[in-house]
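Q: Hey, can you walk me through this protein? I'd like to start with a sheet and then jump around a bit.

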Amino acid sequence: MSATANGKHDLTEPRQFNLMLKTRIGASEDTAGDAYLRAETCQSIFLDFKRVMTSARMRPPFGIAQIGKAFRNEITPRNFIFRSREFEQMEMEYFIHEDADWAKCHEEWIAWCEAWLKSIGLPDSLLSRYTHPKEKLAFYSRGTVDIMFKYPFGVQELWGIAARGSYDLTQHANASGKPQEIFDETSKKKFVPHVIEPAVGVDRILLAVLCAGYAEEDVKDEKGNVEKRTVLRLSPRIAPVKVAVLPLLKNKEALTKRAHDLYKKLQRRYAVFYDDGGNIGKRYRRQDEIGTPWCVTIDFETIEKPGDTFTLRERDSMAQRRITEVELFALLEEQVY
């Protein structure tokens, strides 16, 4: 709060904000009724808890996960897709016994979420944790930790993992009149499960991946001239194209035939791109821009020398080496899955 010389502040009077998006449902205005677009995806999981548990014959610990649209009437949408009124949300409610070590389970899920983010290419140097202090926790929360990411506009929340206790199921039971208890065969007592909730926005993960992977750098071409290279360093696990197959020349049938044969084999299992337009350097650059981890060039050594090897070019280092078809498939199997 800032204040003027006479001690008065420049804040507006308090106003009521509505964080839910209101709409009207009905074919005509006369019969239309008020409705609200959901502000979170988790409540339907709690509504379906008993049905899922009974039909799937589950007992804690188990989880129910879903992905879907959520809508919030954000006061200040900003920073591209980081904060928007409509977004895709992924949430899971992991139900545990009321006597389980919730703190240990909470930490396990935090570590799992961090490991998953690193597995899709987010560097450890851009990730951190923020533990909510007790005085700022929601009244029902036992503990909440946010995995933070260093975006270009600052360090912001990426993934929240909360220990919500039994609050949600208890509230649904009170409002519906239908108990949400489970009978424990061991203790012969009924209990309401507690919940660990990892919740994350797909849009924020996508933005983090793009921010971490995008780079522009100066490199030398074949003639020694310095040029600008745009590269998207996506993990092979999430790159839209896993490998590009490039015949050195498109007017040499022996090269293009071998390239098409390899392309068809790879296409059965991987997302592959075939490109024979322009010089080989420009084709490499095109693949760099879309994040393709590897390019395989079928050259004259492939068809003229024994061994049936190709030139494998790596996106990040731009290093090139000879590789056989068997070695190529082994590399993809190890790195992609």
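**Chatting through the model**

A: Sure, there's an open sheet of five strands with mixed pairing, in the order S14-S13-S15-S16-S17. Strands here are DSSP runs (E, at least two residues), helices are DSSP runs too (H or I, at least four residues), and both are numbered from the N terminus. Two strands pair if DSSP finds at least two bridges between them. Heads-up: this is a predicted model, where local features need pLDDT of at least 70, side-chain atom pairs count only at pLDDT 80 or more, and totals for chains, interfaces and linings use all residues. Residues are numbered from 1 along each chain as its sequence is written, and side-chain values use heavy atoms, leaving out hydrogens and water.

Q: Which strands stand at the edges of that sheet?

A: S14 (272-274) and S17 (320-324). Each has a single partner strand, so one side of each has no neighbour in the sheet.

Q: And how do S13 and S14 pair, parallel or antiparallel?

A: Parallel, over three bridges, with S13 covering residues 243-247. Val-243 stands opposite Val-272 in S14.

Q: What holds paired strands together in general?

A: Strands of a sheet pair through backbone hydrogen bonds.

Q: Switching topic: how many disulfides are there?

A: Zero, after a search of the whole structure. A disulfide would be a pair of cysteine sulfur atoms within 2.5 Å. For Cys-42, the nearest cysteine sulfur is that of Cys-113, 15 Å away.

Q: Why is there no bond for Cys-105?

A: Its closest cysteine sulfur, in Cys-113, is 11 Å from the sulfur of Cys-105, so that's too far for a bond.

Q: Is Cys-42 buried or exposed?

A: Buried, with a relative accessible area of 0%. Cys-105 counts as buried as well, at 10% relative accessibility. The cut-offs are under 20% relative accessible area for buried, over 50% for exposed, and partly exposed in between (1.4 Å probe, protein chains only).

Q: What about Glu-86, where is that?

A: Glu-86 is in strand S4, residues 86-96. Glu-86 is partly exposed, at 43% relative accessible area.

Q: How far is the C-alpha of Glu-86 from that of Ala-208?

A: They are separated by 18 Å, and the two residues are 122 residues apart along the chain.

Q: Last one: where is Ile-303?

A: Ile-303 sits in helix H8, residues 300-304. With 37% relative accessibility, Ile-303 counts as partly exposed.
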